[in-house]
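User: I am new to this structure and would like a close look at one residue in it. Please pick one, describe its surroundings, and then set it against other parts of the chain.

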Amino acid sequence: MTGTKITFAKNKGFWKELNRRVEAYFQAENIPKRDCPQMYLKTLTLVLWMVGAYSFTLFGPAGMGFKILGCMVFAAGLAGFAFCVGHDANHGGYSNHKWLNKTLGLTYDAIGLSSYLWKFRHNYLHHTYTNILGHDVEIHGDGLVRMSPDMPHKWYHKFQHLFIWFIYPIIPVYWSFCDVQIILFKRKYHDHVVPTPSPMTLATLLGGKLVWLGLFIGIPLAVGYSPLTVIGGFLLTYFTYGAIICEVFMMAHVMDTAEFIMPNPEQNHVDDEWAIFQVRTTVDFAPNNPFCTWYMGGLNFQVVHHLYPHICHIHYPELSKILMGVCEEFGVKYQIHDTLTGAMISNYNWLKAMSVPPQPLATPARELASNLSK
């Protein structure tokens with residue numbers, strides 16, 4: 001994989017001490033980092049949720065209200081499965097067995113998102129270069145949304161805090177088709193070239209699209225629903241799914257409390273060790289909300305996730321306490337929003353601050369976002 005190389009400061013002791021305490025925790029508690037019984041139970045629960053909602057929608061009561069409800073409940077189950085199972089598996093954090101991680105990771109392909117490209121775009125680019133424009137694809141938004149203060153301002157950005165709520169729902173479908181364009185033609189994100197897929201990987205990616213369309217369009221057509229009804233159900237399901245997953249992923253980084261760090265342009269260097277850089281660019285939210293923690297696969301403990309994506313998210317609440325202690329000792333600010341609502345407001349405030357054209361003598365964007373929240 002090629003692309004502009006960014007370097008980080010040498011180890012200042014933070015990462016070494018954090019790793020030491022995390023390892024000590026697992027040894028003292030004598031618990032596995034992966035292959036957790038709680039995770040297997042959660043997987044079963046989410047599979048039953050999805051299968052039940054899918055079956056209810058297709059074969060349940062004929063009323064339109066029931067169909068709409070079924071699509072939305074199915075979408076919520078789909079999002080939960082993507083957060084908890086697919087996400088952990090594609091990071092290698094679900095199991096110690098590579099074949100199991102690989103198998104469960106392929107569920108992303110069955111719901112329209114290439115697991116191969118996800119690993120490159122998300123695991124590598126996003127997790128390595130978090131919130132760095134030109135490297136972290138997830139804050140670029142294909143230029144439609146201005147998430148970073150380093151991004152040029154376009155006239156339509158002044159409305160982004162309003163139209164973003166209509167963008168979130170369509171992103172999963174958009175990315176599903178972009179995957180094909182990326183793998184067959186473009187073959188890169190910014191200056192980072194996508195590794196050449198093997199014939200089997202390419203077949204899996206394209207075959208996954210067929211499985212996805214078969215599950216969500218082919219089967220409903222086969223059991224007798226009209227094309228118009230099927231398309232309507234598909235869009236309602238994916239718009240609901242998109243609204244849920246995009247808001248959750250955005251809340252971790254596109255916030256008025258997260259930092260957007262650009263490397264020194266001459267040395268292309270960030271003057272922080274990588275682990276501290278991750279803490280500065282990432283925000284936790286709703287840590288005391290048990291439903292958020294269960295349903296979102298620990299993504300509300302996003303700082304821990306960025307540091308330990310290969311550890312099952314079941315452990316994140318306890319690891320966050322360890323991380324908090326190390327941050328305090330090293331003078332690193334650990335950003336947390338106490339509630340889900342507070343995080344959503346922070347996300348909105350930052351997008352609104354970024355909607356304003358930058359002015360040389362204007363109030364800094366982060367201060368502006370803070371003022372908007374008052």
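Analyst: Two residues are in contact when they have heavy atoms within 4.5 Å of each other. The model discussed here is a predicted one.

The residue chosen is Lys42, which is found in helix 2. Which residues does Lys42 touch, leaving aside its neighbours within four places in sequence? Lys42 is in contact with Cys84, Thr293, Trp294, Gly297 and His313. Is Lys42 buried or exposed? Lys42 is buried, and it has no salt bridge. The nearest side chain of opposite charge belongs to Asp88, at 7.5 Å. A salt bridge needs a side-chain nitrogen of Lys or Arg within 4 Å of a carboxyl oxygen of Asp or Glu.

Salt bridges do occur elsewhere, and the structure holds 10 of them. One of these pairs Arg21 with Glu17, with the closest N and O atoms 2.6 Å apart. Both residues sit in helix 1 (residues 14-29), and because they are 4 residues apart, about one helical turn separates them. Glu17 is buried, its relative accessible area being 17%, while Arg21 is partly exposed at 22%.

Another salt bridge is found in helix 14 (residues 316-330), where Glu318 and Lys321 lie 3 residues apart, about one turn of the helix. The closest N and O atoms of Glu318 and Lys321 are 3.2 Å apart. Glu318 is partly exposed, with a relative accessible area of 34%, and Lys321 counts as exposed at 54%. Salt bridges with shared partners also join Lys12, Glu259, Asp272 and Arg280 into one network.

Within that network, the side chains of Arg280 and Glu259 meet in a salt bridge of 2.7 Å, N to O. Arg280 belongs to helix 11 (residues 274-281) and Glu259 to the loop between helix 10 and strand 4 (269-270), so this pair ties together parts that are 21 residues apart in sequence. Both ends are partly exposed: Arg280 has a relative accessibility of 25%, and Glu259 has a relative accessible area of 28%.

Thr281 also has its place in helix 11. Its relative accessibility is 0%, so Thr281 counts as buried. Not counting residues up to four places away in sequence, Thr281 touches Thr130, Asn131, Ala252, His253, Ala258, Glu259 and Ile261. Glu259, the salt-bridge partner of Arg280, is thus also among the residues that Thr281 touches.

A further buried residue with a charged side chain is Asp179, in helix 8. Its relative accessible area is 0%. Leaving aside neighbours within four places in sequence, Asp179 is in contact with Gly112, Leu113, Ser114, Leu117, Arg121 and Lys209. The C-alpha atoms of Asp179 and Asp109 are separated by 10 Å, although the two residues are 70 residues apart along the chain.

Helix 8 (171-186) leads on to the pockets. Along with helix 3 (64-90), helix 6 (115-128), helix 7 (160-167) and helix 10 (227-251), helix 8 supplies at least two residues of the lining of the largest pocket. The volume of this largest pocket is about 710 Å³. Its lining is made up of 35 residues, and those nearest its centre are Glu138, Ile171, Pro172, Trp175 and Cys246. Sorted by class, the lining holds 26 nonpolar, 6 polar and 3 charged residues. Helix 10 provides the largest share of this lining, with 6 residues.

The second largest pocket has a volume of about 350 Å³. It is lined by 20 residues, of which Thr57, Cys71, Thr229, Gly233 and Phe234 are the closest to its centre. Helix 2 (37-59), the helix that holds Lys42, supplies at least two residues of this lining, as do helix 3, helix 9 (199-222) and helix 10. Helix 10 gives the most here too, with 7 residues. By class, the lining of the second largest pocket divides into 14 nonpolar, 5 polar and 1 charged.

To return to the residue chosen at the start: Lys42 is a buried residue without a salt bridge, and its contacts beyond its sequence neighbours include Cys84 and His313.

Terms used. Residues numbered from 1 in each chain as written. Predicted model: local features only at pLDDT ≥ 70, side-chain atom pairs only at ≥ 80, totals over all residues. Heavy atoms only, no water. 1 Å grid on protein atoms, 1.4 Å probe; cavity = no way out; pocket = protein on both sides within 12 Å on 5 of 7 lines; lining within 4 Å. Points joined across faces, edges and corners; volume = space filled by probe spheres on them. Nonpolar A, V, L, I, M, F, W, Y, C, P; charged D, E, K, R; others polar. Buried < 20%, exposed > 50% of the residue type's maximum accessible area, 1.4 Å probe, protein only. Lys, Arg positive; Asp, Glu negative; His and termini not counted.
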